[in-house]
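Welcome! Here are some exercises with worked solutions to help you find your way around a new structure. Try each task yourself before you read on.

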Amino acid sequence: MKKQYRIFSSIMIATASFMASSCSKYEVDVLNTGSFPVTDGTLKSAATNFPIGIAVDYTPFLNDATYRGAVAAEAKTVTFGYHMKHGALVQNDGTIDFTKSDAMYNAATAAGLEVFGHTLGWHANQNATYMKIVTGGGSGPAAVNLLANGSFETGSGDNFNNWSKYNGGTSLVETKVTSEIQTGSRALKVVVGTSGNPWNVQMASDEFATTVGKVYTMTFFIKSSSNGGKMRISTGGTGSSAQYSADYSVSTDWVLKTYSFTANGAKTMVLMDMGSTANTYFVDNVQVFDASAAVAPTGTALVTAVDKAMKDFITQTVTRYKGKVKAWDVVNEPMADGNGALRTDANTSVASNATDFFFWSKYLGRDWALKAFNYASAADPSAELYINDYNLENNPTKLDSLIGYVAQLKAKGAKIDGIGTQMHSSWNTSFANIDNMFKKMAATGLKVRVSELDVRVNPNLKVGFVLDPQFAAYQANMYAYIVKSYMTNVPTAQQAGITIWGLTDDTSWLSNGGKDFPLLFNKDYSKKTAYYGVLNALKNK
């Protein structure tokens, strides 16, 4: 006999330390340990209308027969957690090495599994070393910015760390207005009220070490509030004699300017001489680098270089697996958190030690995803192409923004066959939000995938948490509800599949050293209550 109790998450129970906030307004189904009976069959045999998939990792999938056998027994498809991404395939010189992805594909095929391609266009897991070469130009080592705080992000008020105001200091102020910033959250604003000598308003960098006789390249983005602006660059420093660039014309559009100089001292500073022409100027993302390492493309050439890098990666990857990989996540996580705007480097938090981020949108704009879909469909017209994002069940604004973005892309001719919702969910995720998400996605008429499903039981990583029978049942109930909601709210013809994001708890990206238990199998491959939650839901029990 099944026993089912309904409680509000604001009610304190014996295990209140693990309950949701009392501010929660939705209900959570709490089932005892007997709620999901052990039953025969496998997940893939129970899913009669769509494929069940499991995400796999390189080492266990190739080297652990038990791991590979468990995946093959339960799933019809596999998604490689990492080894089809830009960072895994693209080498530092821009060549693409398919050795490991081929090995995984061959192992999957030998085990009777199909492969879902993941992912062609993303801002994370990139080979940023190579992309620095692309945006810096050349084939040598990536350019290293010799300037500190070239983006003007650090400092307070109208002061900027690592920069000094020479002459006209009151004209040099900060701006945090989005339209006045090239990237990031802060830029330099220069208000020149009266035309005069260029040195009447100067912003000078800290000195940086240079080698006499070596050529250095300076790049910076600049625009003005009205057309007709003008400025120049000069150099100075301890033991260095001054050098001057030609005048630069400045317009109301952001333009990348370039100045090259040969160092004549052991230390050099660069100065932006802004006083010649009355106007209001905005400056951002100043760089100085060794010109022998890279020569930065500018303007259209910069856009073309980035576009080519994306096209090469997508075209070569999809062509490599044409007719073999029949569906791809082409665009991954395109919408920002919060307000659902298009994701850029300006609205995305990146850890200071992160080395694998690159934002295509910074260079290619809002249509970067259109380009990605066009390149993928040209490489394999028969492949199904998906756009994929996370937290759609918890953020209705982000969900609506993604659906709206898909409509825009399709109106411009993009071949988009379906939408993926990752669903890195928790044991107390709102049932109503899950239903609402699936209904809205289904209303697009596109196919719908649950692309990266897992359910956290200790989302706040509380110390000493144990997955007891009660929370095992909470987790199983959430898994079951997601599957049932998907089968209920997405028409059969639009059901493209459900992929569980991993096999055993200890190999999950959410394990955090054994503090959470988000998947269907224990470390020893024994089936958890959550497994039977999914199996019973697939069987409509």
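**Exercise 1. An aspartate in a strand**

Does D273 count as buried or exposed, and what is its relative accessibility? Find out where D273 sits and what surrounds it.

*Solution.* Please keep in mind throughout that this is a predicted model.

Step 1: Locate the residue. D273 belongs to strand β16.

Step 2: Check its accessibility. The cut-off for buried is under 20% relative accessible area. D273 has a relative accessibility of 0%, so D273 counts as buried.

Step 3: List the neighbours. Leaving out residues up to four places away in sequence, D273 touches P198, V201, Q202, M231, R232, I233 and S234.

Step 4: Look for polar partners. The side chain of D273 has a polar contact of 2.8 Å with the side chain of R232, and another of 3.0 Å with that of S234.

Step 5: Try a distance. Y244 is 29 residues from D273 along the chain, and their C-alpha atoms are separated by 9.6 Å.

**Exercise 2. The strand around it**

Which strands pair with β16 in the antiparallel sense, and over how many bridges?

*Solution.* Step 1: Begin with the strand itself. β16 covers residues 267–273, and 6 of its 7 residues are buried, so β16 is largely enclosed by the rest of the structure.

Step 2: Take β9 (residues 202–205). This strand runs antiparallel to β16 and is joined to it by 3 bridges. M203 has M272 as its bridge partner in β16.

Step 3: Take β10 (residues 208–209). Here the antiparallel pairing with β16 has 2 bridges, and F208 stands opposite T268.

Step 4: Take β12 (residues 229–236). Its antiparallel pairing with β16 has 5 bridges. R232 has D273 as its bridge partner, and the side chains of these two residues also make the polar contact of 2.8 Å from Exercise 1.

**Exercise 3. Following salt bridges**

How many salt bridges does a search of the whole structure find? Trace some of them and say which parts of the chain they join.

*Solution.* Step 1: Start with the total. The search finds 16 salt bridges.

Step 2: Look at K214 and D290, whose side chains meet at 3.3 Å, N to O. K214 is in the loop between β10 and β11, while D290 is in strand β17, so this pair ties together parts that are 76 residues apart in sequence. K214 is partly exposed, with a relative accessible area of 31%.

Step 3: Move on to D247 and K230, which meet at 3.9 Å, N to O. D247 lies in the loop between β13 and β14 and K230 in strand β12, so parts 17 residues apart in sequence are tied together. D247 is partly exposed at 46% relative accessible area, and K230 is partly exposed at 32%.

Step 4: Turn to K412 and D367, with their closest N and O atoms 2.8 Å apart. The two are 45 residues apart: K412 is in the loop between α10 and β20, and D367 is in the loop between α8 and α9. D367 is partly exposed, at 27% relative accessibility.

Step 5: Finish with a network. D337, D389 and K398 are joined into one by salt bridges that share partners.

**Exercise 4. A lysine without a salt bridge**

How far away is the nearest side chain of opposite charge to K257?

*Solution.* Step 1: Find K257 in strand β15 (residues 255–262).

Step 2: Look for an opposite charge. K257 is buried and has no salt bridge; D253 has the nearest side chain of opposite charge, 10 Å away.

Step 3: Look for another polar partner. A polar atom of the K257 side chain lies 2.8 Å from the backbone oxygen of S249.

Step 4: Complete the surroundings. Not counting residues up to four places away in sequence, K257 touches M218, T219, F220, I222, Y248 and S249.

**Exercise 5. A helix and its cover**

Which residues of helix α3 are buried, and what covers them?

*Solution.* Step 1: Go along α3 (residues 65–74). The buried residues are Y67, A70, V71, A72 and E74.

Step 2: See what lies over them. The cover includes α1, β3, α2, β4 and α13.

Step 3: Inspect the start of α3. There, a side-chain oxygen of D64 comes to within 2.9 Å of the backbone nitrogen of T66.

Definitions and conventions: Residues numbered from 1 in each chain as written. Predicted model: local features only at pLDDT ≥ 70, side-chain atom pairs only at ≥ 80, totals over all residues. Heavy atoms only, no water. Buried < 20%, exposed > 50% of the residue type's maximum accessible area, 1.4 Å probe, protein only. Helix = DSSP H or I, 4+ residues; strand = E, 2+ residues; numbered from the N terminus. Contact = heavy atoms within 4.5 Å. Polar contact = N/O pair within 3.5 Å; in protein donor to acceptor, adjacent residues only side chain to side chain. Lys, Arg positive; Asp, Glu negative; His and termini not counted. Salt bridge = Lys/Arg side-chain N within 4 Å of Asp/Glu carboxyl O. Pairing = 2+ DSSP bridges.
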